[in-house]
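Here is a short set of exercises to work through with the structure open beside you. Each one gives a task, then a solution in steps.

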Amino acid sequence: MENDLLTISEAAEFIGVSIDTLRRWDKSGKLLAIRKEGGKHRYYARRDLELVGSDIFKTASEWAFSGQDIPEEFYCTNSAIFQQRLSGLQKALIRSGSEEEPLSLIVAVAGEIGNNSYDHNLGNWPDVSGTFFGYGVKEGEVVLADRGLGILHTLKKVKPDLVNHQEALRVAFTEIISGRAPEARGNGLKFVRSVVGKHQIGLFFQSGDAELRMYGKSLDLRITRGPNMIRGCLARITF
Amino acid sequence: MVIELRKFGTMLISRQAGREALAAFRPSLRAVAADESIIIDFAGVVTFSPSWGDEFLTPLLGEFGERLVLRKTDNPSVEATLEILERTDDKVFKQE
């Protein structure tokens with residue numbers, strides 16, 4: 001498990017702001033840095049960075065964790081509603097006209113993650129069916145969540161030897177399962193990794209207690225065991 | 001025969017939509033001559049994804065092989081999708 005604290009330069013890259021901005025936020029109290037035993041250097045916890053300024057992500061995290069009611073504006077009860085709202089994201093990105101990364105890739109990544117939720121859980125939702133889908137074009141984020149079976153449970157059908165959520169996430173994002181039996185699915189998250197890793201797009205993806213992060217132009221998957229266990233999946237795409 | 005994908009929508013995303021698109025188009029494929037190419041035109045498509053592509057393009061590639069020809073496009077979501085489909089299917093799409 002890697003160290004959960006990032007240096008200020010790592011933190012700046014992680015959320016795509018300058019080091020000076022982080023120093024300013026520390027002084028103003030918007031995002032307080034951690035100092036080790038009274039030292040001068042600033043450190044940041046990944047979770048604090050992810051939550052800064054993102055009410056959508058906070059709402060999605062709480063729902064993924066507890067399953068309590070979610071505001072209707074974020075709730076896609078079925079796949080058709082998700083497609084419709086995803087189309088809204090595509091239109092909003094076209095209207096904004098200033099996206100740094102190709103909008104088609106952001107919509108495609110969100111589409112693959114969201115559709116995975118429906119494809120793998122149809123008829124098997126453990127409690128609440130459907131997905132959480134929210135976005136802020138100005139804020140540069142898309143957030144998705146579901147309370148489905150999760151990656152480990154789904155992959156165990158074809159790879160029964162998988163033992164934990166971290167291993168399952170690594171397989172889901174890296175291995176093309178030969179024949180893809182018993183179902184013609186399974187390349188969506190490899191596509192997500194390939195696109196995110198080659199562009200200025202960040203990704204947080206949680207399933208069970210495993211947390212995966214990708215940032216910077218790198219295909220590296222940073223997978224750790226987080227403090228919270230969720231049912232299903234929670235994802236945040238930043239751009 | 002040219003298949004203009006924009007006629008199926010500008011956002012080609014889910015497996016279900018890809019399956020429905022191919023099923024709806026299938027009767028038109030009967031008109032294809034034995035030596036005729038099927039040309040896929042991506043013009044006008046904004047977002048393309050592996051789920052839709054796997055349900056629409058992969059079966060056509062299996063049936064028509066080298067007679068399936070993809071028109072060049074600079075849409076990054078098409079390029080990224082074709083790359084992952086070729087890796088998954090271990091086949092190469094012929095491009096114009």
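Two residues are in contact if their C-beta atoms, placed from the backbone, lie within 7 Å. Keep in mind throughout that this is a predicted model.

**Exercise 1. The interface between the chains**

Task: Find how many residues each chain gives to the contact, and work out which elements of chain B touch chain A.

Solution.
Step 1. Begin with the totals: chain A contributes 21 residues to the contact, and chain B contributes 20 residues.
Step 2. On the chain B side, look for elements giving two or more residues; these are α1 (15-29), β4 (47-48), α2 (50-64) and α3 (76-89) of chain B.
Step 3. The top contributor on this side is α3(B), with seven residues.
Step 4. Now sort the chain B side by class: eight residues are nonpolar, eight are polar and four are charged.

**Exercise 2. The sheet of chain B**

Task: Trace the order of the strands in the open sheet of chain B, and say whether the pairing is parallel or antiparallel.

Solution.
Step 1. Recall that strands of a sheet pair through backbone hydrogen bonds, either parallel or antiparallel.
Step 2. Here four strands of chain B line up as β1-β3-β5-β6, and their pairing is parallel.
Step 3. The edges are β1 (2-4) and β6 (94-95) of chain B, each of which pairs on one side only.
Step 4. Move in from the β1(B) edge: β1(B) and β3(B) run parallel and are joined by three bridges. Within this pair, E4(B) sits opposite D41(B) of β3(B).
Step 5. Next, β3 (residues 38-41) of chain B pairs with β5 (residues 68-70) of chain B, in the parallel sense and over three bridges. You can check this pair at two places: I38(B) has L68(B) as its bridge partner, and I40(B) has L70(B).

**Exercise 3. The sheet of chain A and its helices**

Task: Describe the open sheet of five strands in chain A, then place helices α5 and α8 of chain A against it.

Solution.
Step 1. The order of the strands in chain A is β3-β4-β5-β7-β6, with antiparallel pairing.
Step 2. Its edge strands are β3 (75-76) and β6 (202-214) of chain A, each pairing on one side only.
Step 3. β6(A) and β7 (residues 222-238) of chain A are joined by 11 bridges in the antiparallel sense. In this pair, L203(A) faces I237(A) of β7(A).
Step 4. Helix α5 (residues 79-96) of chain A packs on the sheet and touches β3, β4 (131-136) and β5 (141-146) of chain A. The directions of α5(A) and β4(A) make an angle of about 10°.
Step 5. Helix α8 (residues 165-174) of chain A lies across β6 and β7 of chain A, at about 140° to β6(A).

**Exercise 4. The core and the domains**

Task: Find which residues have the most contacts inside the largest nonpolar core, and which domains of chain A supply it.

Solution.
Step 1. In soluble globular proteins, nonpolar side chains tend to be buried together.
Step 2. The largest nonpolar core here has 81 residues, and I106(A), V109(A) and A110(A) have the most contacts inside it.
Step 3. Helix α6 (residues 103-121) of chain A supplies the largest share, nine residues.
Step 4. Domain 1 (5-49) and domain 2 (53-238) of chain A each give at least three residues to this core.
Step 5. Follow A110(A) beyond its neighbours within four places in sequence: its contacts are L86(A), L89(A), V142(A), L144(A) and I237(A).
Step 6. Turn to the direct contact of the two domains: four residues of domain 1 of chain A meet five residues of domain 2 of chain A. The domain 1 side consists of one nonpolar, one polar and two charged residues. The centres of these domains, taken over C-alpha atoms, are 26 Å apart.

**Exercise 5. Two single residues**

Task: Decide for D90(B) and for F239(A): buried or exposed?

Solution.
Step 1. The cut-offs: a residue is buried with 20 or more other C-beta atoms within 10 Å, and exposed with 12 or fewer.
Step 2. D90(B) lies in the loop between α3 and β6 of chain B. This residue has 8 other C-beta atoms within 10 Å, so D90(B) is exposed. Its phi is near 55°, a positive value in a residue other than glycine.
Step 3. F239(A) belongs to the segment after β7 of chain A. F239(A) counts as buried because 23 C-beta neighbours lie inside 10 Å.
Step 4. Finally, compare sequence with space: F239(A) and E139(A) are 100 residues apart in sequence, yet 8.5 Å apart from C-alpha to C-alpha.

Methods. Residues numbered from 1 in each chain as written. Chains lettered and ligands numbered in written order. Predicted model: local features only at pLDDT ≥ 70, side-chain atom pairs only at ≥ 80, totals over all residues. Nonpolar A, V, L, I, M, F, W, Y, C, P; charged D, E, K, R; others polar. Pairing = 2+ DSSP bridges. Axes fitted to C-alpha atoms, helices over the stretch in contact; angles between N-to-C directions. Core = buried A, V, L, I, M, F, W, Y, C linked by C-beta atoms within 7 Å. Domains from an automatic or database assignment.
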